[in-house]
Amino acid sequence: MDSSTLSAAEKPTVSTLVSVIQSAPPSGLVSDRVRSTFGVVVGYWVVFFLASLGLVTNSLTMIVFIRQGFRESVNVSLFSIAVWDQIKCLAGVIFRLHGPIGIVDPVWGVIWENGSRTYMVYLPIFAGYVSYGLATYVSIERCLSISMPFKMRFVFSSRLTAGVMVVISILIFTSFSPMFFIYNLKFVYSPHYNASIIIRTPGNLYYAQDGVILKMYKFLGIFYPAVFCPVMVASSAVIVFCLKKSAANFNKPNKGGTQTNKSNVATGEISSRDARVTKMLLVVILVYLMDFFPRLCKYTASLIEPEFFAYGRYHNLMLVMSNVIWILDFINASVNFFIFMAMSSSFQKTYYEIFSWCV
């Protein structure tokens, strides 16, 4: 039975939870050995490297945008995404410090891992959803700006974009925040370590209203991608169409047989600069779309099959899939800097102005 369906009378005792947590969970379709090895190699080392890389790349991204200023809405939106990606990577690194700590002192490694799990595992997930929401707004803004450049040029101001970034961040993060409070942390003596360690136990909110918070978490895990994905796909399709149309108009010969550039504000066409910025943002959006699909599959599976959850029959399969998603999440959170450097001449120029010793 999935623990989220337990009634108050069926709540497990602390001793029972210690036994469950310290024993191998049901294998399901994936063996304990595969789950354990995959978790160490991928869930720890690969993700730790990607999260550490993200701390560096997002720091550089924010420094460049601060230097450039926020007069343009695109700088505001991309800076906001970098902030949440930085939060995601920082939490990912903090949680995985249990590895180095465990080498020095195994007991404190377990204490760090179990004590930080509730906050430092959920925080990257929630920060990721916020950045998905922000990227969705970027896709809408760019779609409207590229399809109606003359009308929308002054609508999406930097002030409006900043306000929307704040509202989206608050709404999405707040919707997930109850998950921070459904577990209690307790020190319990462990015969295995011959010391007291921290364990997580379901609190009152875990069982409140027949586990409504956990059910809401699963629902939102599907709801947000189900909304964001179609919007991003539709916006990307319109953007690609408009870029192709603009390119065709740009290269269309005039009556004298020579090519003429019609891409200007007066004609309502797309400027060459806007086209370059849009192509860069389109790549960012596509990276988000590639990260969306596996997460959507995971949460859909958890709704269809209740045993596809922590300590259910398919616990091991769930953990393996979660680690795959972690890889995609942290690649997504660390790669934007390289996209900007490759596709934005102004970003590259500002970067080398700040870090001239890199030239």
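This is a guided tour of one predicted protein model, with suggestions on what to select at each stop.

**Before you start**

Residues are numbered from 1 along each chain as its sequence is written, and side-chain values use heavy atoms, with hydrogens and water left out. Because the model is predicted, local features need pLDDT of at least 70 and side-chain atom pairs count only at pLDDT 80 or more, whereas totals for chains, interfaces and linings use all residues.

**The whole chain**

Select the protein chain and colour it by secondary structure, where you should find 12 helices and two strands; helices (H or I, at least four residues) and strands (E, at least two) are DSSP runs, numbered from the N terminus. Followed from the N terminus on, the elements run α-α-α-α-α-α-α-β-β-α-α-α-α-α. Of the 359 residues in the chain, 48% are buried, where buried means under 20% relative accessible area, exposed over 50%, and partly exposed in between (1.4 Å probe, protein chains only). Among the contacts with a separation of 6 or more, 76% are between residues 24 or more positions apart, a contact being heavy atoms within 4.5 Å.

**Helices α3 and α5**

Two packed helices are described by the angle between their axes and the distance between the axes. Axes are lines fitted to C-alpha atoms, for helices over the stretch in contact, and angles run from 0 to 180 degrees between N-to-C directions.

Select residues 73-95, which form helix α3, together with residues 106-147, which form helix α5; their axes come within 8 Å and cross at roughly 165 degrees. That makes α3 roughly antiparallel to α5, in a scheme where angles under 35 degrees count as roughly parallel, over 145 as roughly antiparallel, 65 to 115 as roughly perpendicular and the rest as oblique. The crossing of these two helices, α3 and α5, is left-handed; a crossing has that name if the near helix is turned anticlockwise from the far one by less than a right angle, and is right-handed if clockwise. The contact of α3 with α5 has 17 nonpolar, seven polar and six charged residues, with Ala, Val, Leu, Ile, Met, Phe, Trp, Tyr, Cys and Pro counted as nonpolar, Asp, Glu, Lys and Arg as charged, and the others, Gly among them, as polar.

Now pick out I94, which is found in α3 and counts as partly exposed at 28% relative accessibility. Leaving aside neighbours within four places in sequence, I94 is in contact with W112 and M120, and the C-alpha atom of I94 is 9.5 Å from that of E113, although the two residues are 19 apart along the chain.

**Helices α5 and α7**

Keep α5 on screen and add helix α7 (residues 158-176), which packs against α5 at an angle of about 145 degrees with the axes 9 Å apart. Here the crossing is right-handed. To show the contact, select L123, F126, Y129, V130, G133, L134 and Y137 of α5, and then T161, V164, M165, I168, S169, I172, F173 and F176 of α7. By class, the residues of this contact are 12 nonpolar, three polar and no charged.

**The strands and P106**

Go next to N194, in the loop between β1 (183-190) and β2 (195-202). N194 is exposed, at 58% relative accessibility, and its phi is near 55 degrees, a positive value in a residue other than glycine. From there, select Y193 and P106, which are 87 residues apart in sequence but 8.2 Å apart in space, C-alpha to C-alpha. P106 has its place in α5 and is partly exposed, with a relative accessible area of 47%.

**N58 and the cysteines**

Select N58 in helix α2 (residues 32-68), a buried residue with a relative accessible area of 3%. Not counting residues up to four places away in sequence, N58 touches A82, D85, Q86, C89 and A333. C89 is buried too, with a relative accessible area of 0%.

How many disulfides are there? A disulfide is a pair of cysteine sulfur atoms within 2.5 Å, and by this rule the count comes to zero. C242 is in no disulfide, and the nearest cysteine sulfur, that of C143, is 6.6 Å away. C242 is buried, with a relative accessible area of 11%.

**Last stop: α9 and α11**

Finally, select helix α9 (residues 272-304) and helix α11 (residues 336-343), which pack at an angle of about 155 degrees with their axes 10 Å apart. These helices, α9 and α11, are therefore roughly antiparallel to each other, and α9 passes α11 in a right-handed crossing. The contact is made by K279, M280, V283, V284, V287 and Y288 of α9 and by N336, I339, F340 and M343 of α11, and these residues divide into eight nonpolar, one polar and one charged.
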